[in-house]
Amino acid sequence: MSVVTRFAPSPTGPLHIGGARTALFNFLYARGRGGKFLLRIEDTDRERSKLEFEREILDSLAWLGMDWDGEPLKQSLRGEAYAAAAEKLLSTGKAYRDYTPPEEVEALRQKAQEQKLPFRFREEMARKDPPKAGAPFAIRLRFPTEGVVGFDDLILGRIESQAKELDDLVIVRSGGEPVFHLCNVVDDVFQGTTHVIRGSDHQTNTLKHVVLYEALGASAPKFAHIPLIAGPDGKKLSKRDAARSALEYKEQGYLPEALVNFLARLGWSHGDQEIFSMAELIKHFDLGTVGKSMAAFNPDKLLWLNQTYIKNADGKRLAELMREHLRHEPKIAVPADEHLIKVAGIQKERARTIRELSESSWYFFMRPEQYEEKGKKFLTPEALASLGKYAKTLKGVSDFHAKPIEAATQAFLTESNLPLKDLAQPLRVALTGGTVSPGIFEVLEVLGKDEALARIEQAGKILG
RNA sequence: GACCCCGUCGUCUAGGCUGGUCUAGGACACCGGGUUUUCAUCCCGGUAACACGGGUUCAAAUCCCGUCGGGGUCGCCA
């Protein structure tokens, strides 16, 4: 039997970090086994479901490199299937009509809680006859009262509970609307899902779902509950710990493969390997090697991974990403591709995000108008004098590339009996306005002869 | 509170099923050193963990029980 997994978000918000990981595990598991990875939009909550969220979720998955098979199944269009399933359950006696008003159930529950007694709604408590013709009723699935219900979780192992711990599940509300549990199970049967991989917050739901599968006469898929993600402090993950939306990471300058790599390693590992391409993840990922305990979200590691990917990324791609970022900086006239690619090439090993890469490269796009305080210290009268002489050397370099510039500089240094340090740092300040930059010869090459000379001259005028 | 799940460095984890090879390995972060024109990269080194208590055994991170801690769920939400 070939593997079918699915990711079933409800479009009531953007794709958050936990959802992205759940999607990823489903994706990797299916792709690694030549199976199908399906999507299902659980939009039965008409109030909270928004089309824009649905689109954002799909965009996020696409950005992260998870392609899905076929068209997403939308639950809002599947009303008939749910009604038919409920009808079947009723006619086979697996479910019953309950005329108990919701408020009444709630009151009973309240009372039980006050008395610290467990509350389970079972058939004998239900009002099974209509108080009047046409009265609203909910449909409840009859649960076993003794024995155990359970399933073999692919990650957690055997999970079971006493049947008496569960109550008769409402599968259709008194308004006639099916609830999540029914839709979820009916659709997994319909889509042929073989493996349900979801967060462990669904663990108790799954106990209910196995009863529902059986009642429907369907065989249950295999289940795998992945541990939830904790915040950096080990406590519950809150909005301030991680971005609410996967796309927010894109805006912050993260590369999708870094986020994917990070998410995969959160709760899963393959020996000592840290860096995985999507292809490697697909090849090695398995549910048996997913950990059972919660994993804390560690922003530092994400940053490190992102830096690693940026460092190894191709300059052309980085240039494109920088261009996108720089679009939000109206003051900066973004240079031509060729120039931007060079900048990316020499800057990429000192940036952890595309944002950092863009921001720390500003002096390649505009001439510094002032100098950092700690940079000014280097521009002593002697240093400025040396720079003035050095400018003549630079002017004479016909092939203005790092290597020839370096050679000419060495000659100049020998002649003037100066250590490189005494020239490089003042030069860096004059060129970039600060004390931090890539190698000075690369900077000279990228700026170009004319601009470099102009900046040296400007420094002499301002500080001389 | 009840039910279910989990518990190795600060963090992500290897090892646990098939006890000895674990004086517990790797990675991030942190600290120190080296390379270097600055920063970064890179290289080398260091600090740091089997939650606790019992048991089983010649031997336990590994198996069992308990305690404590963390999480999830207890909706006519999804």
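Here are three short exercises on this predicted model, each with a worked solution.

Residues are numbered from 1 along each chain as its sequence is written, while chains are lettered from A and ligands numbered from 1 in the order in which they are written. Local features need pLDDT of at least 70 and side-chain atom pairs count only at pLDDT 80 or more, whereas totals for chains, interfaces and linings use all residues.

**Exercise 1.** Find how many residues surround RNA strand B, and which element gives the most to the surface near the strand.

*Solution.* Start with the criterion: a residue is near a strand if its C-beta atom, placed from the backbone, lies within 6 Å of it. With that, 62 residues surround RNA strand B, and S10, F180, S293, A295 and A296 are the closest. Next, sort by class: 22 are nonpolar (Ala, Val, Leu, Ile, Met, Phe, Trp, Tyr, Cys and Pro), 21 polar (the others, Gly among them) and 19 charged (Asp, Glu, Lys and Arg). Last, turn to the elements, which are DSSP runs numbered from the N terminus: helices (H or I, at least four residues) and strands (E, at least two). Helix α17 gives the most, with four residues.

**Exercise 2.** Decide whether N417 is buried or exposed.

*Solution.* First locate N417: the loop between α16 (402-416) and α17 holds it. Its phi is positive, about 55 degrees, although N417 is not a glycine. Now count: N417 is exposed because it has 6 C-beta neighbours inside 10 Å (exposed means 12 or fewer, buried 20 or more, partly exposed in between; C-beta atoms are placed from the backbone).

**Exercise 3.** Classify K88 and give its C-alpha distance to A215.

*Solution.* K88 sits in helix α3 (residues 79-91). Having 15 C-beta neighbours inside 10 Å, K88 is partly exposed. Finally, K88 and A215 lie 127 residues apart in sequence, yet 9.5 Å apart in space, C-alpha to C-alpha.
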